[in-house]
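Ready for a few exercises with worked solutions? Have a look at the sequence and the structure first, then try each task before you read on.

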Amino acid sequence: MDNLLKDHRYPPRVGVSARVGAAIEKARPMESASALIDEKIKELGDWRGKTLAKVREIIHEADPEIIEEWKWMGSPVWSRDGMIAVGNAHKDKVKLTFSHGASLPDPDKLFNAGLGGNAWRAIDFFEGDKINERALKNLVRAAVDYNQIKLKRKAPAGTRAKVHKSKK
């Protein structure tokens with residue numbers, strides 16, 4: 001299998017390790033996920049780029065140890081001890097989807113999309129929306145806590161991350 005990964009017919013996907021048979025974005029040299037996210041923000045060039053940049057800034061302010069990844073042929077992903085959130089720019093919104101959002105406390109009611117699922121929850125930001133930075137930071141911190149709890153022990157289905165108090 002290692003030989004197949006070295007084979008020129010199976011180049012690694014941008015920003016992630018390759019797997020045989022994976023859908024390949026057009027072949028290009030490996031770039032850092034952060035550079036690709038910068039490029040995506042610049043490419044958008046409108047309110048969606050500014051919103052994605054602001055969300056990214058808030059995520060890193062909430063926890064500087066969060067890492068950036070580039071997955072699914074063009075989606076910024078933020079992780080720490082597991083996936084936290086995926087950001088996507090759509091025609092009329094910027095969507096921030098939390099992979100374990102259904103298990104996170106959301107006292108400020110930020111989640112406004114994907115509310116019916118068992119795991120994922122999302123925040124849709126529309127043009128002109130003001131981002132509640134304090135609440136988003138608390139949600140990111142809760143997601144990190146959830147991942148760390150999950151990492152320490154196999155968490156029962158009803159495990160919920162703790163509510164973070166406002167830290168400004």
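Two strands count as paired if DSSP finds at least two bridges between them. Keep in mind that this is a predicted model.

**Exercise 1. Pairing in the sheet**

Find the bridge partner of Val77 in S3, then work outwards to the order of the strands in the sheet.

*Solution.*
- Step 1: Start with the residue. Val77 has Val86 as its bridge partner in S3.
- Step 2: Check the pair of strands. S2 (residues 75-79) and S3 (residues 83-89) are joined by three bridges in the antiparallel sense.
- Step 3: Zoom out. The open sheet has five strands in the order S1-S2-S3-S4-S5, with antiparallel pairing.
- Step 4: Look at the edges. S1 (67-71) and S5 each pair on one side only, which makes them the edge strands.
- Step 5: Add the twist. On average, neighbouring strands are turned by 25 degrees against each other, direction ignored.

**Exercise 2. Helices on the sheet**

Which strands does H2 lie across, and which does H4 touch?

*Solution.*
- Step 1: Take H2 (residues 33-44). This helix lies across S1, S2 and S3, at about 70 degrees to S1.
- Step 2: Now H4. This one packs on the sheet and touches S3, S4 (94-98) and S5. The direction of H4 makes about 35 degrees with that of S4.

**Exercise 3. A helix length check**

Work out what span the 16 residues of H3 should have, and compare it with the distance between the end C-alpha atoms.

*Solution.*
- Step 1: Use 1.5 Å times one less than the number of residues.
- Step 2: For H3 (residues 47-62), that gives 22 Å.
- Step 3: Compare. The end C-alpha atoms are 22 Å apart, so the two agree.
- Step 4: Look at the start of the helix. Asp46 caps the N-terminal end of H3, with a side-chain oxygen 3.0 Å from the backbone nitrogen of Arg48.

**Exercise 4. Where two helices meet**

How do the axes of H2 and H3 cross, and which residues meet there?

*Solution.*
- Step 1: The axes come within 7 Å and cross at roughly 150 degrees.
- Step 2: From H2, the residues include Ile37, Ile41 and Leu44; they meet a set in H3 that includes Gly49, Leu52 and Ala53.
- Step 3: Sort the contact by class: five nonpolar, two polar and four charged residues.

**Exercise 5. Buried or exposed?**

Is Lys130 buried or exposed?

*Solution.*
- Step 1: Locate Lys130 in the loop between S5 (121-125) and H4 (133-152).
- Step 2: Recall that exposed means over 50% relative accessible area.
- Step 3: Lys130 has 76%, so this residue is exposed.

Conventions:
Residues are numbered from 1 along each chain as its sequence is written. This is a predicted model: local features need pLDDT of at least 70, side-chain atom pairs count only at pLDDT 80 or more; totals for chains, interfaces and linings use all residues. Side-chain values use heavy atoms; hydrogens and water are left out. Helices (H or I, at least four residues) and strands (E, at least two) are DSSP runs, numbered from the N terminus. A polar contact is a pair of N or O atoms within 3.5 Å; within protein, one must be able to donate a hydrogen and the other to accept it, and residues adjacent in sequence count only if both atoms are side-chain atoms. Buried means under 20% relative accessible area, exposed over 50%, partly exposed in between (1.4 Å probe, protein chains only). Axes are lines fitted to C-alpha atoms, for helices over the stretch in contact, and angles run from 0 to 180 degrees between N-to-C directions. Contact means heavy atoms within 4.5 Å. Ala, Val, Leu, Ile, Met, Phe, Trp, Tyr, Cys and Pro count as nonpolar, Asp, Glu, Lys and Arg as charged, and the others, Gly among them, as polar.
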